[in-house]
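Work through these exercises with the structure open. Try each task before you read its solution.

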Amino acid sequence: MRAAARIGSTLDEETTWSELTGVVAGLVGGAAAVLRTGRDDRPRYQAVVGNPVVLPAAGWAGAAAREAAGARPVLGAGGLALCVPLVVGGRPYGVLVSGREATPFTPAEADVLSGLAEIAAAHVRHAREHDAVSGMVGTLQRALLSEPGRPHPNLDVAVRYLPVGRNAMIGGDWCETVRLHFGRTLLVVGDVMGHGLEAAVDMNAYRSALRYIASADLPPHRILRQLDDIASAEPDRRPATCLIAQVDPNRGRVTLAGAGHLPPAVVDGHSGTSLLPVPVGPPLGTGLGGYDAATFRLAPSQTLLLFTDGLVERRGEDIDRSLHRLARVEFDACSGVEDILDTVLARLDARHAEDDVAVLAARLHHR
């Protein structure tokens, strides 16, 4: 049935009800609406399409649906009104109500509307399950990112995480800071492949392994090697990209190593923004190894910016062009790390990005 194909085009419940009533109103040549039961003591129609005057009283429709057995349609107003319970798998979601003038509904029409109601209810059940899982993943992600460790007080750090889209599943982007000996701090950003609960769980596994390995005070490239060994030994673990920066404020330097990740940027209030040429090895979980490190000077006036690809990548655009857009962003010389993150997220329109965004800014703290 072509009409059924127009129902459930999105994972939005309100859109599904509107699609259902639009299709039904066109088929019956009258009006259609959805009555959401159990939400209000005074039932009201929603998603009304057509002239609402031909619809029966909402109170009668609700009572008729409650008295109906299972998903059996109920006729009223001399056959000019039809109520069809929105039920799937024994679970009610409301009532589909339709009405028209002069011509009573036929049993064949009742069967058609019952089929459409069941299709719409199934889509709504799927949408609610999707929202429930998304909410669970979101809670997990926010809990994991709410406190990414505390850096030493000789380093100012700010972190932002932006999930993509309202209805998209949250992914595996993450940031972390780990205190090391002698005033050094480890800064990390990572991006697990895919979205959803599985990606968030794997993200937590990578993060936990990182904290354990970092306690041995290894250089960044050796941390990546061990992370890769652990991940590749677990066949169900999703691959991930990762960038590790070991900041030493006492010596004014940073040592970096990457696993399939984009390079970091250095923001200088005087000379602009530049990218650091970090040796990049394969993503974690491949078992290929081959990670190297590079060390750079880091002045107190400079801010180190680590980020996931959602910050810069745009569909159909070459990655070099995307990174060049970041390098063109200008910052005020007096901007703090929080201001720098606000500026870069706004200038790159990160709130409309096509992927999750995690970004970390760090600067040597004047004491």
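**Exercise 1.** Which residue in S16 is the bridge partner of leucine 155? Place the pair in its sheet.

Solution.
- Step 1. Start at leucine 155. Its bridge partner in S16 is leucine 364. Keep in mind that this is a predicted model.
- Step 2. Widen the view to the two strands. S6 and S16, which spans residues 357–364, are joined by 8 bridges in the antiparallel sense.
- Step 3. Recall the general rule. Strands of a sheet pair through backbone hydrogen bonds, either parallel or antiparallel.
- Step 4. Now take in the sheet. It is open, has 5 strands and runs in the order S6-S16-S15-S11-S12, with antiparallel pairing.
- Step 5. Find the edges. They are S6 (155–162) and S12 (272–275), and each of them pairs on one side only.
- Step 6. Check the turn between neighbours. It averages 20 degrees when direction is ignored.

**Exercise 2.** Which strands of this sheet do H7 and H8 touch?

Solution.
- Step 1. Take H7, residues 319–327. This helix packs on the sheet and touches S11 (265–268), S12 and S15 (302–307). The direction of H7 makes about 150 degrees with that of S12.
- Step 2. Take H8, residues 337–347. Packed on the sheet, H8 touches S6, S11, S15 and S16. Its direction makes about 30 degrees with that of S6.
- Step 3. List the buried residues of H8. They are Val337, Ile340, Leu341, Thr343, Val344 and Leu345.
- Step 4. Ask what these residues pack against. The partners are S6, S11, S15, S16 and the helix H7.
- Step 5. Step past the end of the helix. Just after H8, aspartate 349 has a positive phi of about 50 degrees.

**Exercise 3.** Why is one side of S2 and of S3 left without a neighbour in the sheet?

Solution.
- Step 1. Write the strand order. This open sheet of 5 strands reads S2-S1-S5-S4-S3, and its pairing is antiparallel.
- Step 2. Look at the ends. S2 (45–49) and S3 (74–76) are edge strands with a single partner strand each, so one side of each has no neighbour in the sheet.
- Step 3. Note the twist. From one strand to the next, the average is 20 degrees.
- Step 4. Zoom in on one pair. S1 (residues 31–35) runs antiparallel to S2, and 3 bridges join them. Within this pair, alanine 32 has valine 49 of S2 as its bridge partner.
- Step 5. Add the helix. H2, residues 13–28, packs on the sheet and touches S1, S2, S4 (81–88) and S5 (91–99). The directions of H2 and S1 make about 150 degrees.

**Exercise 4.** How do H5 and H6 cross, and which residues meet?

Solution.
- Step 1. Read the geometry. The axes of H5 (residues 197–214) and H6 (residues 220–232) come within 10 Å and cross at roughly 135 degrees.
- Step 2. Classify the angle. An angle over 145 would count as roughly antiparallel. The two helices are therefore oblique to each other.
- Step 3. Give the hand. The crossing of H5 past H6 is right-handed.
- Step 4. Name the contacts. From H5 come Tyr206, Ala209, Leu210, Ile213 and Ala214; they meet Ile223, Gln226, Leu227, Ile230 and Ala231 of H6.
- Step 5. Sort by class. The contact has 9 nonpolar residues, 1 polar and no charged ones.

**Exercise 5.** How many helices and strands does the protein chain have?

Solution.
- Step 1. Count the elements. There are 8 helices and 16 strands.
- Step 2. Check burial. Of the 367 residues, 51% are buried.

Definitions and conventions:
Residues numbered from 1 in each chain as written. Predicted model: local features only at pLDDT ≥ 70, side-chain atom pairs only at ≥ 80, totals over all residues. Heavy atoms only, no water. Axes fitted to C-alpha atoms, helices over the stretch in contact; angles between N-to-C directions. Helix = DSSP H or I, 4+ residues; strand = E, 2+ residues; numbered from the N terminus. Parallel < 35°, antiparallel > 145°, perpendicular 65-115°, else oblique. Left-handed = near helix turned anticlockwise from the far one by under 90°. Contact = heavy atoms within 4.5 Å. Nonpolar A, V, L, I, M, F, W, Y, C, P; charged D, E, K, R; others polar. Pairing = 2+ DSSP bridges. Buried < 20%, exposed > 50% of the residue type's maximum accessible area, 1.4 Å probe, protein only.
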